[in-house]
Amino acid sequence: MLERIVIPSSVDRRTPPAEIQLWISDARQRIEAFQDRWDRPQIEQFVAADYELVYQSLGWALESQMLIGKRFLEWGCGFAVVSALAGTFDLDVIGIEAEPELLAQGRRLVGEWNADVELIHGNFLPRGGESLADDPTLPSLGHDVPCGYTAVGLELDDFAIVYSYPWPGEDDFHERVFDRYASVGALLMQFCGPNDVRLWRKRG
Ligand SMILES: C[S@@+](CC[C@H](N)C(=O)[O-])C[C@H]1O[C@@H](n2cnc3c(N)ncnc32)[C@H](O)[C@@H]1O
């Protein structure tokens, strides 16, 4: 069972350090330039989150919530902005991404920012996780790539915090997958749209 932890709306008054603000504006420019390119089809799977709000929410959660460990996982890391931001806290960060072109952008970003994170090409859904979906058209389904967990020799229940940005309508699928496979006590943070960051803890 997942228990909701309410993130106070005042988190948006936590001013990120200047270096983080520079990273976020650099990330926005990279993403815009990538999405404006005319010479290849758009990758519709990728949408940028509100990285400032995610950073503020993560900082609040790390200060106020009990953690069962230091491993942080980004489901579908895209440009790996959240992974890189999470790496500035005392966390061991892994991002998993199915789409090779996005992963390449993520690897370039973490390289140029010198961020201490590991990015993996693969599927973030644990084996068997797809069966928890009640709609076969959800964007998180059907990625024909290797299991992301095998590559690092870990399972979902080895992570203390998971971050995801579900498409509208698949937030409850992500919750079900987390509830089934994560460790008791682990946290799930979801960016669900403007001003909507949700935090859950798996209860036994
Ligand atoms: C809405 S974007 C969010 C990107 C990033 N987390 C962020 O907040 O900026 C969702 C990402 O998940 C990736 N994705 C979707 N389903 C996946 C799966 N089953 N395994 C790995 N990556 C997946 C997509 O390619 C896309 O990059």
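**Cores, pockets and ring pairs**

Colleague: Which residues does Tyr51 touch, not counting residues up to four places away in sequence?

Modeller: Tyr51 touches Ile24, Ile31, Phe46, Val81, Val82 and Leu85. Keep in mind that we're looking at a predicted model.

Colleague: Which residues have the most contacts inside the largest nonpolar core?

Modeller: Tyr51 again, together with Phe72 and Val81, in a core of 45 residues. Two or more core residues come from each of helices H1 (18-36), H2 (51-64), H3 (81-86) and H4 (100-113), and likewise from strands S4 (117-121), S5 (161-164), S6 (187-191) and S7 (197-202). H2 gives the most, with seven residues. There is also a second, separate core of 25 residues, with Leu2, Leu125, Val177 and Ala186 among them.

Colleague: Staying with H2, why is Ser57 called buried?

Modeller: Buried means under 20% relative accessible area. Ser57 comes out at 1%, so it counts as buried. Ser57 sits in helix H2, and, leaving aside neighbours within four places in sequence, its contacts are Ile7, Val11, Met189 and Val197.

Colleague: And what makes Ser9 exposed?

Modeller: You need over 50% for that label. Ser9 has a relative accessible area of 67%, so exposed it is. You'll find Ser9 in the loop between S1 and H1. From Ser9 to Asp172 the C-alpha distance is 22 Å, with their positions 163 residues apart in sequence.

Colleague: Why is Asp12 called partly exposed?

Modeller: The label covers what falls between the 20% and 50% cut-offs. Asp12 has a relative accessible area of 48%, so partly exposed is the right call. Asp12 is also in the loop between S1 and H1. Outside its neighbours within four places in sequence, Asp12 contacts Leu53 and Gln56. The C-alpha atoms of Asp12 and Phe89 are separated by 18 Å, and the two are 77 residues apart along the chain.

Colleague: Let's do the rings. How many aromatic pairs are there in the whole structure?

Modeller: A search finds six.

Colleague: What makes the pair of Trp23 and Trp113 stacked?

Modeller: Ring centres have to lie within 6.5 Å to pair, and planes under 30 degrees apart count as stacked. For Trp23 and Trp113 the centres are 4.4 Å apart and the planes are at 20°, so the pair is stacked. Trp23 belongs to helix H1 and Trp113 to helix H4, so this pair ties together parts 90 residues apart in sequence. Both Trp23 and Trp113 are buried.

Colleague: Then why is the pair of Phe34 and Phe79 called edge-to-face?

Modeller: That label takes planes over 60 degrees apart. The planes of Phe34 and Phe79 are at 80°, with ring centres 5.3 Å apart, so edge-to-face fits. Phe34 is in helix H1 and Phe79 in the loop between S2 and H3, so parts 45 residues apart in sequence are tied together here. Phe34 is buried, and so is Phe79. Ring pairs also bring in Phe46, giving a cluster of Phe34, Phe46 and Phe79.

Colleague: On to the open space. Which residues lie nearest the centre of the largest pocket?

Modeller: Gln45, Trp75, Gly76, Tyr165 and Trp167, out of 35 lining residues. The volume of this largest pocket is about 510 Å³. Strand S2 (71-75), H3 and helix H6 (171-181) each supply at least two residues of its lining. By type, the lining has 19 nonpolar, 10 polar and six charged residues.

Colleague: Which residues of H6 are buried?

Modeller: Asp171, Phe173, His174, Glu175, Val177 and Phe178. Their cover includes S1, S2, S5, S6 and S7.

Colleague: And which residues lie nearest the centre of the second largest pocket?

Modeller: Pro8, Ser9, Val11, Leu53 and Asn195, from a lining of 15 residues. Strand S1 (2-5) and H2 are the elements giving two or more residues to that lining, and H2 gives the most, with three. The second largest pocket holds about 210 Å³ of space. Its lining divides into seven nonpolar, four polar and four charged residues.

Terms used
Residues are numbered from 1 along each chain as its sequence is written. This is a predicted model: local features need pLDDT of at least 70, side-chain atom pairs count only at pLDDT 80 or more; totals for chains, interfaces and linings use all residues. Side-chain values use heavy atoms; hydrogens and water are left out. A nonpolar core is a set of buried Ala, Val, Leu, Ile, Met, Phe, Trp, Tyr and Cys residues joined through side-chain atoms within 4.5 Å. Buried means under 20% relative accessible area, exposed over 50%, partly exposed in between (1.4 Å probe, protein chains only). Helices (H or I, at least four residues) and strands (E, at least two) are DSSP runs, numbered from the N terminus. Contact means heavy atoms within 4.5 Å. On a 1 Å grid over the protein atoms alone, a cavity is a set of points where a 1.4 Å probe fits but cannot get out, and a pocket is an open set with protein on both sides within 12 Å along at least five of seven lines; lining residues have an atom within 4 Å of a point. Grid points are joined across faces, edges and corners, and a volume is the space filled by probe spheres set on the points. Ala, Val, Leu, Ile, Met, Phe, Trp, Tyr, Cys and Pro count as nonpolar, Asp, Glu, Lys and Arg as charged, and the others, Gly among them, as polar.
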